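Student: I have a new model open and would like to go through it with you. Could we take it question by question?

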Amino acid sequence: MADLERKQDRSPVPSAFEYATAPESREIVRLDERYGLFVGGEWVEPRSGEFQVTVSPATEEPLAEVAYGGAEDVDLAVEAAREAFDDGWSELPASERAKYLFRIARILQERSREFAVLESLDGGKPIRESRDVDVPLSAAHFFYYAGWADKLEYAFPNRTPRPVGVAGQVIPWNFPLLMLSWKIAPALAAGNTVVLKPAETTPLTALLFCDVLRQAELPPGVVNIVTGDGRAGAELVKHPDVDKVAFTGSTEVGKAIQKAVAGTGKKLTLELGGKAANIIFDDAALDQAVEGIVNGIYFNQGHVCCAGSRLFVQESIYEATIAKLKRRMGTLRVGDPLDKNTDIGAINSQQQLEKIKELVATGEEEGAEIYQPPCRLPEKGWWFAPTVFTNVAQSYRIAQEEIFGPVLSVLTFRTPDEAVEKANNTPYGLSAGVWTEKGSRILSMAQRLRAGVIWANTYNRFDPASPFGGYKESGFGREGGLHGLEPYLRFDE
Ligand code: NAP
Ligand code: MG
C-alpha cells in the first residue's frame, strides 16, 4: 500500500483546469440596511433595541443589520402566533390551508434565483448547491406537505388528528432556508402556527421568506420570525405558551433544550449532530464510490449533520481508493461561493473555522496522516482546504467528534462484521452509506447499522417524502414524509 501511496504522492496532483470566472450576478438581491422582527404579519422594532450585522463569510463584507430579539420580543411573537391559531388558522378548512402552502411553494420556485444568491451570500455555500439543492428542495417540501394538509385523516386512519397549537422552532446555519422549510411546512399543513428563530450567522433568507408569506397573503401571525442569538432560542423553547418545540442543531444545545422542556408536556423533536460511516466494500463500483465519498464529505463544506465524515474502506481496495480519492480532491475548486464553477465555498463563520482547525490539529498530534491538495485559498473570509486523514484509529478525536467541516477520516475493515462494529462505535446515529454490488449485503448492513438514514450506492440524497432523523445522540423524532407530520399533531381519541 505504502508504495503506491508514495508513488502517488510523488506524481504531481493534476491541477484543476483553468476556467474563466463565472460569477452569478448578485443584482437580483435587494437588501435593506436593517431588518426588524416579523411578528403578526408586520415588521416590528425589537423591544430589546439590539441589532447585529450579518456578514458574508467569503469576504467578511457586512450585508445588513438584523434585530436580536429578547424575552419580550419572543413573548410578543408567541402571542401573535396564539392569536392567529385561535382566530381561525386551526379551524380553516384544510383545503384552504393547502392553498397557502401551494402558493408559498410556487413563489419559492419563481424567486428561486433570488433565494439561491442570498443563501450563498449570507452563508458561504456554493451557488451550484443553493441553486440546485437548497432552494428546489425547500419548494418541494412545501409542495409535499401542501398535499397532505387535507388528507390527514387518511394519513392517520381511525384517529382524529388535531393541530397541537403554537410551534417554537430553532434552526442552524448550514441549510438556513431548507431547515426553515422542513420546520414550517409540516407545522402549517397540520394546522399549527409558528415562531421560528433562524441561526445568528444566516438570517437573511428567513427574512426574505417573510416577503414570500406576504405575497402569499398568509394570515398575519401564522408564521413569525424572531432573529437573534442563542438567548432568543432559549426564550422561545421555554416559553409557557409554546406547545411544540422543534430543534435542529448541536447535541449540546439539544440536551439543554431537553432539560428545559422536561415536565412541561410540550412535544419535542431534536435533530442533532452526526458522525456518519460511509462504508466501501471491495466489490463496489469504485469510481462512483469515490464520487460518493467526495459528495458525502465536501458537499456544503462538510457543514452537514449527516456528512459521511468517517470513511471505512475494505482493506483489499484501500490503496486504490485512496489514490483515486486524492486525485479527485485535486480537481475540487475552492473559492467564491457565487462562482458557478465552485465546489467548495467559505466556512460559515470564524468560530466554526477555529473549531475545524482545533480538531484537525488534534488529528495530527494523535498520529494521523493529513493530506490536502494544493489549492489557493482567498485572502479575505474564512476558508479551509478539503482534507483527508489516513492512519486514523477509532479512538482519535477526529474519528469520534463531529468536525462539521471538509475533513474526512479514513479507517479500514476486513469483514462486514468488523465494518458494522466500527461504524456503530460512535455516540451518534444519524446516517450511513453502504457501497457494494450485492443487494443482500445492502439489506443486511442496513439492518445492523444503527442510523436513521442509510444510503446505498449513493449519498446525501434527500426527498420530502422520506423521513430523516437519528438515534442516540443524534436526537429523536423524524422530519419529512408522513412521519414528519406526527410531531405536529395530537390525537385525542
Ligand atoms: P447550535 O449552536 O446548537 O445552534 C442551533 C440553533 O440553536 C441556532 O439558531 C442557535 O442560535 C440556537 N441556540 C443556541 N443556543 C441555544 C439555547 N441555549 N437554546 C435554544 N437555542 C439555542 O448548532 P450550530 O452550531 O448552529 O449547528 C451545527 C450543529 O447542528 C451540528 O452539530 C449539526 O450536526 C447539527 N445539525 C443537525 C441537523 C439534523 O437534522 N440532525 C441538521 C443540521 C445541523 P445561534 O445561531 O445564535 O447560536
Ligand atoms: Mg452571514
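What follows is a short conversation about confidence, domains, the ligand and the sheets.

Student: Glad to start. What is the mean pLDDT of the protein?

Tutor: This is a predicted model, in which local features need pLDDT of at least 70, side-chain atom pairs count only at pLDDT 80 or more, and totals for chains, interfaces and linings use all residues. Residues are numbered from 1 along each chain as its sequence is written, while chains are lettered from A and ligands numbered from 1 in the order in which they are written. pLDDT is the predictor's confidence in each residue, from 0 to 100. Here 96% of the residues reach 70 or more, and the mean is 95.

Student: Over which residues is the pLDDT below 50?

Tutor: Where pLDDT is low, the predicted coordinates should not be read in detail. The stretch in question has 15 contacts beyond near neighbours in sequence (a contact puts two C-beta atoms, placed from the backbone, within 7 Å). The pLDDT is below 50 over residues 1-14.

Student: On to the domains. Which helix gives the most to the side of domain 1 that touches domain 2?

Tutor: The domain assignment, automatic or from a database, gives domain 1 (34-272 + 474-492) and domain 2 (277-463). Between them, 19 residues of domain 1 are in contact with 25 residues of domain 2. Helices here are DSSP runs (H or I, at least four residues) and strands are runs of E of at least two, numbered from the N terminus; H4 (112-123) and H5 (127-148) each supply at least two residues of that side of domain 1. With 4 residues, the one that gives the most is H5.

Student: How many residues surround ligand 1, and which helix gives the most to its shell?

Tutor: A residue is near a molecule if its C-beta atom, placed from the backbone, lies within 6 Å of it. The shell has 29 residues, with Gly 230, Gly 233, Gly 249, Glu 271 and Cys 305 the closest, and it draws at least three residues from each of domain 1 and domain 2. Helices H9 (230-238) and H10 (251-261) each supply at least two residues of the shell. So the count is 29, and with 4 residues the helix that gives the most is H9.

Student: Now the open sheet of 7 strands. Which are its edge strands?

Tutor: Two strands pair if DSSP finds at least two bridges between them. The order is S14-S15-S16-S13-S12-S17-S18, with mixed pairing, and the twist averages 20° from one strand to the next. Each edge strand pairs on one side only, and these are S14 (369-371) and S18 (453-456).

Student: Within that sheet, which residue in S13 does Asn 278 stand opposite?

Tutor: S12 (residues 277-280) and S13 (residues 310-314) run parallel and are joined by 4 bridges. Helix H11 (residues 286-298) packs on the sheet, touching S12 and S13 among others. The residue opposite Asn 278 is Leu 311.

Student: And in the sheet of 3 strands, what is the bridge partner of Tyr 35?

Tutor: This open sheet has the order S1-S5-S4 and mixed pairing. S1 (34-35) is one of the edge strands, and 2 bridges join S1 to S5 (residues 62-67), the two running parallel. In S5, the partner of Tyr 35 is Val 66.

Terms used: Axes fitted to C-alpha atoms, helices over the stretch in contact; angles between N-to-C directions.
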